[in-house]
Amino acid sequence: MSAPTTTAGTEPMTHRQTLEALSGLLLVLFVAMLSSTVVSTALPKIIGSLNGSQNQYTWVVTATLLTATATTPIWGKLADLFNKKLLIQVAIVVFLLGSVIAGFSQSAGQLIAARAFQGIGVGGLQALVQVAIAAMIPPRERGRYNGYLGGVMAVATVGGPLLGGLIVDTSWLGWRWCFFVGVPVAIIALILLQATLHLPTLRRENVKIDYLGAGLIAAGVSVLLIWISFVDGSFAWLSWQTVAMVGGALLLLALAVWVESRAAEPVVPLGIVRQHTTALAILGSLAVGMAMFGGAVFLGQYFQIGRGYSPTEAGLLTIPMMAGVLGSSIVAGRLITRTGRIKPYIVAGSIILVAGFALLGTIDHETSLVLVGVAMFIVGTGVGMTMQNLVLAVQNTVALKDIGAASSSVAFFRSLGGTIGVSVLGAVLAHRVTDQITRDLTAAGIPASGAGGDSNLNITALPDGIQHIVRAAYGDATGHIFLISAAIAVVGVIAALLLRPVTLRTSLDLPDAATSTALGADAVDGAPAFDQVTIDPAPKAAPERR
């Protein structure tokens, strides 16, 4: 009987090779996440030194998020067409240039433009790291490495605000180093990737890039995110601006769907998105993104305004959530690798996430920090068991040639859900805070106009009595935000329950896709291509020798 043959370039890497390649990839992911979190505590000083406005303050954050979200599916599709390693390096260079330009900005407008350009690189890094890991490690083995991803997320999320506060408080550094600090790390990651990352690419004849579809998707998402950023601030929810922007976004996205259904190489393959597992994972990621980002973003505000802690102390107080993310991602990942089953952990994680947000929904401005810490740990545990595993469930169902588009689709909708969640929950929070401040000031016999009716206050400049009213309003209103997050997260539970129970495959590619992959495999990182052989899934017995 002839021995089964393998496909060159698609054999699983050894554990040592995997860890070497992961070193550069995780460093890239770390610096991409750090670029967002390191600015959070430093932004007031940055905008103040550039004489920026409150509107510009918001756009320094939104510009990066907008371009990163809009370009995620485009980067993912490019990864299915071209050399993944080269694309990661291009994304790093874009990120580096954006960081340097942002650091040298002389006005708030220049900083916003630089951050938007930087977001293009961030979107590529966030999407391509997942794609590269999927191209290196079979789904069954991938679970054990999710702990490393969780650790990077935890360190970047907790360490970013602390590092940002330290930089702006150090006279000989200054706020510009909030952007420069990522440059040497990204350069080191670039060198590590060149030395350690070796991925197979596919030789594609007559490649056609769907420029029209990519443009329509980016434009539609951008208009939608711009509306989310301005609604309830610059104009009302029910206004002609809302009708124009939402209607325009929906029209652009409808045209994008029409174009994608007819394109030879669609940016977002509708056939993959319509698959049972992918559709449910997208729904679950949308709910998790809305609940997690929309809810967790307000924890820092709760600690600083509602409880009176400094930005550095607020960063330290969020450690329980990151501990939950790290611990659960490691434990669940190893159990998934051992059993090959993924649905039970996604279901359990989504239920735990709802429970954690429900517990956070009980907090007010006097709640014990121990209770708050326990609730945050539970939320982190739920996030660690769901976020990466929803992507893994999708990667397990698609061929290696489509892994980029499938992975980036999930990441795209999770990021979009997070953006929508932050805007909607922020609007609800601002409304409740303003109402409570006005009511409490009136009850205390203090005119609300000009004293406390505005929820955007410089708290430390207020008299002690008014400070207490404002802090109590923020502390009490935040619990309501988390109750809404819990309700949104229930959608994730439903999506998880509807997932089909599967056993993760131990091969990099689907068995029925191995033949086409073998015939199309190109050189690894530019090296000469190996002789390719196809895999016979059911080899027949060799004829007897006479």
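**Exercise 1. Find the backbone atom that the side chain of Ser329 reaches, and place Ser329 in the fold.**

Solution. In this predicted model, the side chain of Ser329 comes to 2.8 Å from the backbone oxygen of Val325. A polar contact is a pair of N or O atoms within 3.5 Å, and the 2.8 Å between the side chain of Ser329 and the backbone oxygen of Val325 is to be read against that cut-off. The next step is to locate the residue: Ser329 belongs to helix 15, which covers residues 319-339. Its relative accessible area is 4%, and because buried means under 20%, Ser329 is counted as buried. Finally, Ser329 has a partner that is remote in sequence, since Gly384 is 55 residues away along the chain while the two C-alpha atoms are 4.6 Å apart in space.

**Exercise 2. Work out how helix 15 and helix 17 are oriented to each other.**

Solution. Begin with the axes, which come within 7 Å for helix 15 and helix 17 and cross at roughly 40°. Angles under 35 degrees count as roughly parallel, and those from 65 to 115 as roughly perpendicular, so the two helices, helix 15 and helix 17, are described as oblique to each other. The sense of the crossing completes the description, for helix 15 passes helix 17 in a right-handed manner.

**Exercise 3. Describe the packing of helix 16 against helix 17, and say which kinds of residue make up the contact.**

Solution. Helix 16 spans residues 343-360 and helix 17 spans residues 369-395, and their axes come within 7 Å with a crossing angle of roughly 150°. Since angles over 145 degrees count as roughly antiparallel, helix 16 and helix 17 are roughly antiparallel to each other. Their crossing is left-handed. As for composition, the residues of this contact between helix 16 and helix 17 divide into 20 nonpolar and 7 polar, with no charged residue.

**Exercise 4. Check the length of helix 16 against expectation, and list its buried residues.**

Solution. Helix 16 has 18 residues, which at 1.5 Å a residue should span 26 Å, and the C-alpha atoms at its ends are indeed 26 Å apart, so the two values agree. The buried residues of helix 16 include Lys343, Tyr345, Ile346, Val347, Gly349 and Ser350, and also among them are Leu353, Val354, Gly356, Phe357 and Leu360. A general point helps in reading such a list: an α-helix has 3.6 residues a turn, so residues three or four places apart point the same way.

**Exercise 5. Decide whether Thr367 is buried or exposed, and find the contact of its side chain.**

Solution. Thr367 sits in the loop between helix 16 and helix 17. Its relative accessibility is 9%, and Thr367 therefore counts as buried. A polar atom of the Thr367 side chain lies 2.7 Å from the backbone nitrogen of Asp364.

**Exercise 6. Characterise helix 4 and its packing with helix 9.**

Solution. Helix 4, residues 84-103, contains 20 residues and extends 29 Å from its first C-alpha to its last, close to the 28 Å expected at 1.5 Å a residue. At its start, a side-chain oxygen of Asn83 reaches to within 2.9 Å of the backbone nitrogen of Lys85. Helix 4 is mostly covered, with 14 of its 20 residues buried. Turning to the partner, helix 9 (residues 182-196) packs with helix 4 at an angle of about 165°, the axes being 10 Å apart. This angle makes helix 4 roughly antiparallel to helix 9, and the crossing of the two is left-handed. Helix 9 itself has 15 residues and reaches 21 Å between its first and last C-alpha, close to the expected 21 Å. Its buried residues are Gly182, Val183, Ala186, Ala189, Leu193 and Thr196.

**Exercise 7. Classify Val61 and Ile47 by accessibility, and give a spatial partner for each.**

Solution. Val61 is located in helix 3, residues 54-81, and at 44% relative accessibility it counts as partly exposed. The C-alpha atoms of Val61 and Ser36 are separated by 7.7 Å, although these residues are 25 apart along the chain. Ile47, by contrast, lies in helix 2, residues 43-49, and its relative accessibility of 5% makes Ile47 buried. Trp175 is 128 residues from Ile47 in sequence, and their C-alpha atoms are 9.9 Å apart in space.

Conventions: Residues numbered from 1 in each chain as written. Predicted model: local features only at pLDDT ≥ 70, side-chain atom pairs only at ≥ 80, totals over all residues. Heavy atoms only, no water. Axes fitted to C-alpha atoms, helices over the stretch in contact; angles between N-to-C directions. Helix = DSSP H or I, 4+ residues; strand = E, 2+ residues; numbered from the N terminus. Left-handed = near helix turned anticlockwise from the far one by under 90°. Nonpolar A, V, L, I, M, F, W, Y, C, P; charged D, E, K, R; others polar. Expected span 1.5 Å × (residues − 1). Buried < 20%, exposed > 50% of the residue type's maximum accessible area, 1.4 Å probe, protein only. Polar contact = N/O pair within 3.5 Å; in protein donor to acceptor, adjacent residues only side chain to side chain.
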